[in-house]
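Biologist: Could you walk me through this model before I go back to the bench? I would like to start with the overall fold and then go into some details.

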Amino acid sequence: MSAASCANCGAALPKDSRFCPECGVRTSEANDVTAVEEVPPDETGRVPVSRSAVSPTYFGVAPPLALFAVAVASLVLAIVVLVAGNVIAGALLLVAALLFFALFVAAARRVPDTVVSRLTRSALDEIRDRAGFAVEAVSVHSSARMELFRLRRELSDLVAQRAEAARELGEAVYGDADDEVENARKRMGELDRALAGKESEMTRVAAEANERIQRAQIQAQPTAVVEPPNVPEPMPVPSEPPGPVTVPEPSPVPSEPPMPVPAPDPTPEPSPPQPEPPTQAR
């Protein structure tokens, strides 16, 4: 019996080989026979499962807790040295404390898993939000006050002009000058409309300032979870029970109209036979 050869490359195949050692193609014998693998004995029953947790390791990052402790110690030592009267050493220690605090903040951002890092990050976020609200409130107050001061000054000028127009109207009425009375009334109408516009503009500026302050305050406040009100679903309106269905009475099928009865044509009645006349004898 000759040795089997690979159908792909023609190389000789070892006995009971499933793949060609030269090209790696599955042999025809392996394709024809179903391979049966035995199950390992350690996988047929209940296999214990072990779970391991991997903690991240940071290289080149100082521990945030150590930096925080050094920063606090440097700050306390700087205060003690400054109270003792050594200004230069106290200033240097204060600068070192600020530097260690900056390093602590940077390390807390890179390693946010420690308790001190989480507390510091939340405190810094709250301080940033409060500072942003304070800056926004001061900016809004200052701009609104300047705008309202300008509008009040223009309003006072309009009030003075209206008083002058009212005085001129009185003089025109007293002097029976119809043209001057009409002009003075038009002037007072224009001033009244201008006064109403200034007052509405002042109201708008104050409302916009309050809205900006409230919006900034909402951003600084912590997020609150508000439960929706428990509103019962409306009950359906009861409907009347269905009544019996009215079935119409069957109507008779209309029949065809009667056809006229054919009448036979009248026939002449037979006449009675006539008697023959008597004959005379010769």
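Modeller: We can take the fold, then one helix, then the charged pairs and the cysteines.
This is a predicted model, in which local features need pLDDT of at least 70 and side-chain atom pairs count only at pLDDT 80 or more, while totals for chains, interfaces and linings use all residues. Residues are numbered from 1 along each chain as its sequence is written, and side-chain values use heavy atoms, with hydrogens and water left out.

Biologist: OK, how many helices and strands are there in the protein chain?

Modeller: The protein chain has five helices and zero strands, so that, where helices (H or I, at least four residues) and strands (E, at least two) are DSSP runs numbered from the N terminus, the pattern along the sequence reads α-α-α-α-α.

Biologist: And what share of the residues is buried?

Modeller: Buried residues account for 16% of the 282 residues in the protein chain. Buried here means under 20% relative accessible area, exposed means over 50%, and partly exposed is in between (1.4 Å probe, protein chains only).

Biologist: Let's look at α2. What is its length?

Modeller: Helix α2 covers residues 64–84, and its 21 residues reach 30 Å from the first C-alpha to the last, close to the 30 Å expected at 1.5 Å a residue. The expected span is 1.5 Å times one less than the number of residues in the helix.

Biologist: Which residues of α2 are buried?

Modeller: They are Pro64, Leu67, Ala71, Ser74, Ala78 and Val81. Looking down the axis of α2, these buried residues fall within an arc of 115°, so they line one face of the helix; the arc is that of the directions from the helix axis to the C-beta atoms.

Biologist: And what is on the face turned away from that buried side?

Modeller: That face of α2 carries the exposed residues Leu65, Val83 and Ala84. Just after α2 comes Gly85, which takes a positive phi of about 110°.

Biologist: Which residues form the nonpolar patch on the surface?

Modeller: The patch is formed by Leu65, Phe68, Val72, Val76, Leu77 and Val80, with about 490 Å² of accessible area together. Patches are made of residues with over 30% relative accessible area and no salt bridge, with like charges joined within 9 Å and nonpolar side chains (Val, Leu, Ile, Met, Phe, Trp, Tyr) within 5 Å; the areas come from the Shrake-Rupley method with a 1.4 Å probe, and for residues only the protein chains shown count as cover.

Biologist: How exposed is Phe68?

Modeller: Phe68 lies in α2 and is partly exposed, at a relative accessible area of 31%.

Biologist: Which helix holds Leu103, and how far is its C-alpha from that of Pro64?

Modeller: Leu103 sits in helix α3, residues 87–110, and is partly exposed at 41% relative accessible area. Although Leu103 and Pro64 are 39 residues apart along the chain, their C-alpha atoms are separated by 8.2 Å.

Biologist: Switching to charges, how many salt bridges does the structure hold?

Modeller: It holds 11 salt bridges, each being a side-chain nitrogen of Lys or Arg within 4 Å of a carboxyl oxygen of Asp or Glu.

Biologist: What does Arg167 pair with?

Modeller: Arg167 forms a salt bridge with Glu164, with the closest N and O atoms 2.2 Å apart, and the side chains of Arg167 and Glu171 also meet in a salt bridge, at 2.6 Å from N to O. In helix α4 (residues 115–174), Arg167 and Glu164 are three residues apart, about one helical turn, and Arg167 and Glu171 are four residues apart, again about one helical turn. Arg167 is partly exposed at 40% relative accessibility, as are Glu164 at 35% and Glu171 at 47%.

Biologist: Which residues are linked in a network of salt bridges?

Modeller: The network links Glu147, Arg150, Glu154, Lys198, Glu201, Arg204 and Glu208. Within it, Arg204 and Glu201 form a salt bridge with their closest N and O atoms 3.9 Å apart, and both lie in helix α5 (residues 178–220), three residues apart, about one turn of the helix.

Biologist: Last topic: how many disulfides are there?

Modeller: A search of the whole structure finds zero disulfides, a disulfide being a pair of cysteine sulfur atoms within 2.5 Å. Cys6 is in none, and the nearest cysteine sulfur, that of Cys23, is 3.7 Å away.

Biologist: Why is Cys20 not bonded to Cys9?

Modeller: The sulfur of Cys20 is 3.6 Å from that of Cys9, its closest cysteine sulfur, which is too far for a bond. Cys20 is buried at 4% relative accessible area, and Cys6 also counts as buried, at 8% relative accessibility.
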